[in-house]
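Hi everyone, thanks for making time. I'd like to walk you through a structure that may be new to you, so have a look at it while I talk.

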Amino acid sequence: MSRRTAAALAATLLATGVTPLLLSAPASAAVAKHYDDFNGDGYRDLAYGGYNGIGQSGGTVTVVYGTASGLDTAHPKAIHQDTAGIPGSDEEDDQFGASLASADLNKDGYADLVVGNPTEHVGTQQYRGSVTIVWGSASGLSGGTDLKPRTGAQGHFGTDIATGDFTGDGSPDLAVIGSMETWLYRGGFTKSGTTGSVSKIDKEGAGWYSYGLAAGKVNGDGKTDLVILGEQFIDNQPVPRAWFLKGASSGLTSGASKTVTATNAAIGDFDKNGYGDIAFGRPDSNDGKGSLLVWRGTASGPSGSHTYNQASSGVSGSPEADDNFGYAVSAGDVNGDGYADLAVGVPHEDVSGNEDQGGVHLFRGGSGGLSGLRSAWIPQTVTGPADSYLSFGYTVRLRDLTKDGKADLGVGAANTSLVLRGASGTPTATGAFVLPEFGGSFAD
């Protein structure tokens, strides 16, 4: 099997046709119940990277709105930098939508979409990057405001973004990576561009460089915590590390760090003990066979870990070089039993002679946490005939989009991307939603 890096995957997707009126808020508006309900109707909406339009090449975000009958896939909305009200302009080197997150940042009852464009050129600043807040309203997403980067953040600003109430004051905050540093923007946010105070989150003097973020509740105190993936220079050598920061009224306070080679992370309470566990996807470990490491949550932060791979008892398949098990991970309660489950993408799995066909492992939570004995294999064939280079599972997302108490599984692929409905067992393709214009990754 040939080695397929992220860049190679992007090339595969391109080759198969995938290219990586404002209304006033209600008088009694409060923070939106769901951080991804952009029109305030009580149903979660779905945002992801979309196809570029004709003559447009700088990145597009596609939004599909939720309804009482599920996702309205017949009326997707495309948002890009040539959309009226969105700052900037579409340019060939742009990556508008390379990172996505959401929250009700201005607390008007409608969730807002945060869009990273880390290669944006601004004036004479090459690859300065930008982050745009696209505002929610009763009619959906409309209009945008650019987030102003601090001087030290002006390099690939928007490499990754994460939202959460890190201070516990009821106002959502925003974490952004720029110039390989993490920056905390405290709420509230306004359409005129003002924010709360901004601070750099860094291991001073420790040679720390950030490249990824994951937000969630780990220590059970009600505040959102943050996990930063990065590299730390130790004995003059770069060492891949994960750094836990605890939410606090003053912002984020430094917690435990762990040496782990990971490209992504998700947080969920897999053993239902009240503390979020941190799942790291490690697709490049063991010659690309890939693995999953879960850092268990406790009242004092993460402590103790367990590793899973395709050789773990009960897990379908076997580990092979360049499978990239753990290329994408997402946490959510699929069967409504109160335990978070974990979807793990394996986009380069060879199946029955089909190279890089891909698939998804679903690890169910339960007493003691995740277990391979409670795992299920979801093959690419749920989308149609099996074939090579479909990369099924290169992006995954678990969220309850049908409002039935069960998380639905979104899966990206090079042919057909879709949302499988949550069920008491494995997510089902019965009544699945085929996602239009899918050309990138899901929002966090």
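**A walk through the model**

Let me start with one pair of residues: in strand S24, Leu-342 has Phe-363 as its bridge partner. Before I go on, please keep in mind that this is a predicted model.

So where does that pair sit? Strand S23, residues 341-345, and strand S24, residues 359-363, run antiparallel and are joined by four bridges. Those two strands belong to an open sheet of four, in the order S22-S23-S24-S25, with antiparallel pairing. At the edges you'll find strand S22 (328-332) and strand S25 (375-379), each of which pairs on one side only. From one strand to the next, the twist averages 20°.

Okay, let's zoom out for a moment. How many helices and strands does the protein have? Two helices and 30 strands. The C-alpha trace spans about 55 × 50 × 45 Å along the principal axes. For 444 residues, you'd expect a compact globule to have a radius of gyration near 22 Å, and the protein comes in at 20 Å, which agrees.

What share of the residues counts as buried? That's 56% of the 444. The accessible surface comes to about 16,400 Å², and 49% of it belongs to carbon and sulfur atoms. As for charge, there are 29 positive and 48 negative charges, and their mean positions are 7 Å apart.

Now scroll to the other sheet I want to show you. Here four strands form an open sheet in the order S10-S11-S12-S13, and the pairing is antiparallel. Why is one side of strand S10 and of strand S13 left without a neighbour in the sheet? Because S10 (161-164) and S13 (198-201) stand at the edges, each with a single partner strand. The twist in this sheet averages 25° from one strand to the next.

A general reminder while we're looking at sheets: strands pair through backbone hydrogen bonds, and they can do so parallel or antiparallel.

Let's go across this sheet. S10 and S11 run antiparallel, with four bridges joining them, and Thr-163 stands opposite Leu-174 in S11. Look at which way the residues of S10 point: Ile-161 and Thr-163 go one way, Ala-162 and Gly-164 go the other way, and all are buried.

Moving one strand over, five bridges join S11, residues 173-178, to S12, residues 181-185, and again the two run antiparallel. One of the pairs to find here is Gly-178, whose bridge partner in S12 is Glu-181.

I'll finish with two glycines. Gly-216 is in strand S14, residues 208-216. Is Gly-216 buried or exposed? The cut-off for buried is under 20% relative accessible area, and Gly-216 has 14%, so Gly-216 counts as buried. Gly-216 is 61 residues from Asp-277 in sequence, yet their C-alpha atoms are 9.1 Å apart in space.

The other glycine is Gly-88, in the loop between strand S5 (77-79) and strand S6 (99-103). Exposed means over 50%, and Gly-88 has a relative accessible area of 53%, so Gly-88 is exposed. Gly-88 and Glu-120 are 32 residues apart along the chain, with 9.0 Å between their C-alpha atoms.

That's my tour. Thanks for listening!

Terms used
Residues numbered from 1 in each chain as written. Predicted model: local features only at pLDDT ≥ 70, side-chain atom pairs only at ≥ 80, totals over all residues. Heavy atoms only, no water. Pairing = 2+ DSSP bridges. Axes fitted to C-alpha atoms, helices over the stretch in contact; angles between N-to-C directions. Rg over C-alpha atoms; globule rule 2.2 N^0.38 Å. Buried < 20%, exposed > 50% of the residue type's maximum accessible area, 1.4 Å probe, protein only. Areas by Shrake-Rupley, 256 points an atom, 1.4 Å probe, with all protein chains shown as cover. Lys, Arg positive; Asp, Glu negative; His and termini not counted. Charge placed at Lys NZ, Arg CZ, Asp CG, Glu CD.
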